[in-house]
Amino acid sequence: MSDEYISLTLLGQHYGFSRVKMGQWLVTLGLRNESMKPSKKAFDGGFVDQRASTNLGTYFWVGHAAKIIRLLDESGYKRAEPKPEQPS
């Protein structure tokens, strides 16, 4: 998978929230519908891509990292502060 696309879990790490919370934010922004599936706006805008799973006949969705992070930032969502380094 290209580094350009990431899961909701990895996206959540940028903001310090769970994948569930990230999905809720994407609903608010119109990139997911109430069923938590990517919206037409998300596909048309290149915010999401569908990828084949290792389980035959199934798939999963990944988000375009730069586009989604830019939209979240512009919408006022705050990124998590980097964790301080632990002394050795």
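**Close-up 1. Leu26, a buried residue of helix H2 in the predicted model.** Leu26 has a relative accessible area of 4%, which is under the 20% limit and therefore counts as buried. Helix H2, in which Leu26 is found, spans residues 19-28. Leaving aside residues up to four places away in sequence, Leu26 touches Leu8, Leu31, Arg32 and Ile68. Ile68, one of these contacts, is itself among the buried residues of helix H4. The C-alpha atom of Leu26 is separated by 9.5 Å from that of Ser39, which is 13 residues apart from Leu26 along the chain.

**Close-up 2. The buried residues of helix H4.** Helix H4 comprises residues 65-74, and its buried residues are Ala65, Ile68, Ile69 and Leu72. They lie on the same side of H4, because the arc they cover around the axis is only 95°. These buried residues pack against strand E1 (5-6), helix H1 (8-15), H2 and strand E3 (59-64). Just after H4, Gly76 takes a positive phi of about 95°.

**Close-up 3. The salt bridge of Lys40 and Asp44 in helix H3.** The structure holds three salt bridges, and this view shows the one that joins the side chains of Lys40 and Asp44, at 2.6 Å from N to O. Why can such side chains pair? Side chains of opposite charge can do so when their charged atoms come close. Lys40 and Asp44 are four residues apart in helix H3 (residues 40-44), so about one helical turn separates them. Both residues of the bridge are exposed: Lys40 has a relative accessible area of 62%, and Asp44 has one of 56%.

**Close-up 4. Arg51, with Asp49 and Tyr5.** Arg51 forms a salt bridge with Asp49, and the closest N and O atoms of the two residues are 2.7 Å apart. Asp49 is partly exposed, with a relative accessible area of 27%. Arg51 also lies over the face of Tyr5, at 4.8 Å from the ring centre.

**Close-up 5. The salt bridge of Asp73 and Arg79.** In this pair the closest N and O atoms are 2.5 Å apart. Asp73 counts as partly exposed, at 30% relative accessibility. Arg79, its partner in the bridge, is also partly exposed, with a relative accessible area of 43%. Asp73 belongs to the span of helix H4 (residues 65-74) but is not listed with its buried residues, which are Ala65, Ile68, Ile69 and Leu72.

**Close-up 6. The ring pair of Tyr59 and Trp61.** The count of aromatic pairs comes to four. In the pair formed by Tyr59 and Trp61, the ring centres are 5.6 Å apart and the planes stand at 65°, so the arrangement is edge-to-face; the cut-off for this class is over 60 degrees. Tyr59 is partly exposed, with a relative accessible area of 45%. Trp61 also counts as partly exposed, at 25% relative accessibility. Both residues fall within strand E3 (59-64), one of the elements against which the buried residues of H4 pack.

**Close-up 7. The aromatic cluster.** Tyr15, Phe17, Trp25 and Tyr77 form one aromatic cluster. Trp25 falls within the span of helix H2 (residues 19-28), the helix in which Leu26 is found. Tyr15 falls within the span of helix H1 (8-15), which the buried residues of H4 pack against.

Notes: Residues are numbered from 1 along each chain as its sequence is written. This is a predicted model: local features need pLDDT of at least 70, side-chain atom pairs count only at pLDDT 80 or more; totals for chains, interfaces and linings use all residues. Side-chain values use heavy atoms; hydrogens and water are left out. A salt bridge is a side-chain nitrogen of Lys or Arg within 4 Å of a carboxyl oxygen of Asp or Glu. Helices (H or I, at least four residues) and strands (E, at least two) are DSSP runs, numbered from the N terminus. Buried means under 20% relative accessible area, exposed over 50%, partly exposed in between (1.4 Å probe, protein chains only). Contact means heavy atoms within 4.5 Å. The arc is that of the directions from the helix axis to the C-beta atoms. Rings of Phe, Tyr and Trp (its six-membered ring) pair if their centres lie within 6.5 Å; planes under 30 degrees apart count as stacked, over 60 as edge-to-face and the rest as tilted. A charge sits over a ring if NZ of Lys or CZ of Arg is within 6 Å of the ring centre and within 35 degrees of the ring normal.
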